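Visitor: I would like a close look at a single part of this protein. Please start there and then show me what lies around it.

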Amino acid sequence: MVNSPYGGRLKVSLDLNNQEKHLDGLKGMVQIEPFIDFYYDSLKIADGSYSPLEGFMGEDEVASVLKRRSLSNGLPWTIPIIFAVDQSQNEKIKEGDQIALLNREQQPYGEMSIESKFKLNKKDIAETVYGTADLKHPNVQDLFEKYGDTAISGKVRIFKEQKLPGGGYEKHPSEIREEFSKKGWKNVVAYQARNPPHVAHEYLQKVSLELPGIDGLFIHLVVGRLKKGDYKADVILNSYDSLIKNYHRSEKTMMASLSITMRYAGPRASIFLAIIRRNYGATHYIIGRDQAGVGSYYEPYAAQKIFEELDVGMVPIRFKDTFYCKKCRGITSETVCPHSMEDRLIISQTKIRELLKTNQEIPQEILRPEIADILSKGDVLNEGN
Ligand SMILES: [Zn+2]
């Protein structure tokens, strides 16, 4: 058996039966197009990725997540899942309403029952979840500049599959759980990524597969809404596809996309991302240096430490900084390499991009040539939203 869903069972409200009838029923309702973050969240609530959540959080639930890092039922939970509305949307909605949700093409795709409306305490959310109210932080900037001031809570039901940045790689938890079971995998180690793989990342994945009892590796790529300067979805997906084909044992490795808005919240994001992977059936979770961080807002190992404080039923696989060491002549880590900083072959992301742009060679010790090839082609960076 793969891991049980968080909270006991998958809470699925993706209802694809009687689609015409359901979509027809949405026509008479107040229609709201959620901001992109909440659009993605509505789909992930519905397919069970965010189990045990069944809808967007109310004021008490948000307060509990901020203050106690748990849902009001006591289960650890670190990221508030809110649906903020702007002034004009707010004016159209009353508590008790059923509203229709519109996708990016203004087509209704689901419904929400409005249980409550409440004013967002943005400063509290920013400082508690992201540890800063600095507008240079991408999520904090969104919170203050793009989110409306009022939030609505309530359950969602989704009636139509949506086209997502992950395309054919996007899978529901039930689908991945079934694939794990078919392969006979019980202990699955999940790898979170939002960037194309360097050889050091491949090393973490392979070392994790070496652990006794691990049956498979699940690479789950966040591709929905990233920050400016991150790679575009197809670049991330193609480079991982190539890595698996060329450098992994394909029978032990599976990849899928996760189209959500990336929360660069360091430790709190790490717990959230681990919970999602548990819902997909994983049992173990890889945490490298500064997972889900941005800038220097978080201590490099804070994301590893939080797993000592909160138990979400995932075994954390923690790694210290990994790099190519010229004396060891291979990828190694702070845990085992005795050599000095000067022996490390370290090239920053920025430098790698610069080399790619000018068609210069990138050392194969750092980046596989197949990946370098994908990254060197054209327009690969996200402009931000
Ligand atoms: Zn060394």
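Visitor: How many bridges join strand β9 to β10, and do the two run parallel or antiparallel?

Guide: Strand β9 (residues 216–222) is joined to β10 by 6 bridges, and the two run parallel. What you see is a predicted model, where local features need pLDDT of at least 70 and side-chain atom pairs 80 or more, while totals for chains, interfaces and linings use all residues. Residues are numbered from 1 along each chain, and side-chain values use heavy atoms, without hydrogens or water.

Strands (E, at least two residues) and helices (H or I, at least four) are DSSP runs numbered from the N terminus, and two strands pair if DSSP finds at least two bridges between them. To find one of these bridges, start at Val222, whose partner in β10 is Leu258.

Now step back to the sheet. Its 5 strands form an open sheet with parallel pairing, in the order β10-β9-β8-β11-β12. Strands β10 (253–258) and β12 (315–318) stand at the edges with a single partner strand each, so one side of each has no neighbour in the sheet. On average, neighbouring strands here are turned by 25° against each other, direction ignored. Helix α7 (residues 173–183) lies across β8 (188–193), β9 and β10, and runs at about 180° to β10. Such angles run from 0 to 180 degrees between N-to-C directions, with axes fitted to C-alpha atoms, for helices over the stretch in contact.

Let us place this in the whole chain. It is divided into domain 1 (19–158) and domain 2 (167–376), with bounds from an automatic or database assignment. The centres of the two domains, taken over C-alpha atoms, are separated by 28 Å. Their contact (heavy atoms within 4.5 Å) takes 30 residues from domain 1 and 31 residues from domain 2.

For a closer view of individual contacts, find Asp142 in helix α6 (residues 138–145). Leaving aside neighbours within four places in sequence, Asp142 is in contact with Asp37, Tyr147 and Arg225. Asp142 and Asp37 are 105 residues apart along the chain, but their C-alpha atoms are separated by 9.5 Å. Asp142 is buried, with a relative accessible area of 8%; buried means under 20%, exposed over 50% and partly exposed in between, for a 1.4 Å probe and protein chains only.

Asp37 leads us to helix α2 (residues 36–46), where 11 of 11 residues are buried. Among them are Phe38, Tyr39, Tyr40 and Lys44, along with Asp37. Just after α2, look for Gly48, which takes a positive phi of about 95°.

Another strand to visit is β6 (residues 116–119). Ser116 and Phe118 make up its covered face, while Lys117 and Lys119 make up the uncovered one. Unlike the parallel pair we started with, β6 and strand β7 (residues 150–158) run antiparallel, joined by 4 bridges. Phe118, on the covered face of β6, has Ala151 as its bridge partner in β7.

So where did we begin? With β9 and β10, side by side and parallel, and with β10 standing at an edge of its sheet.
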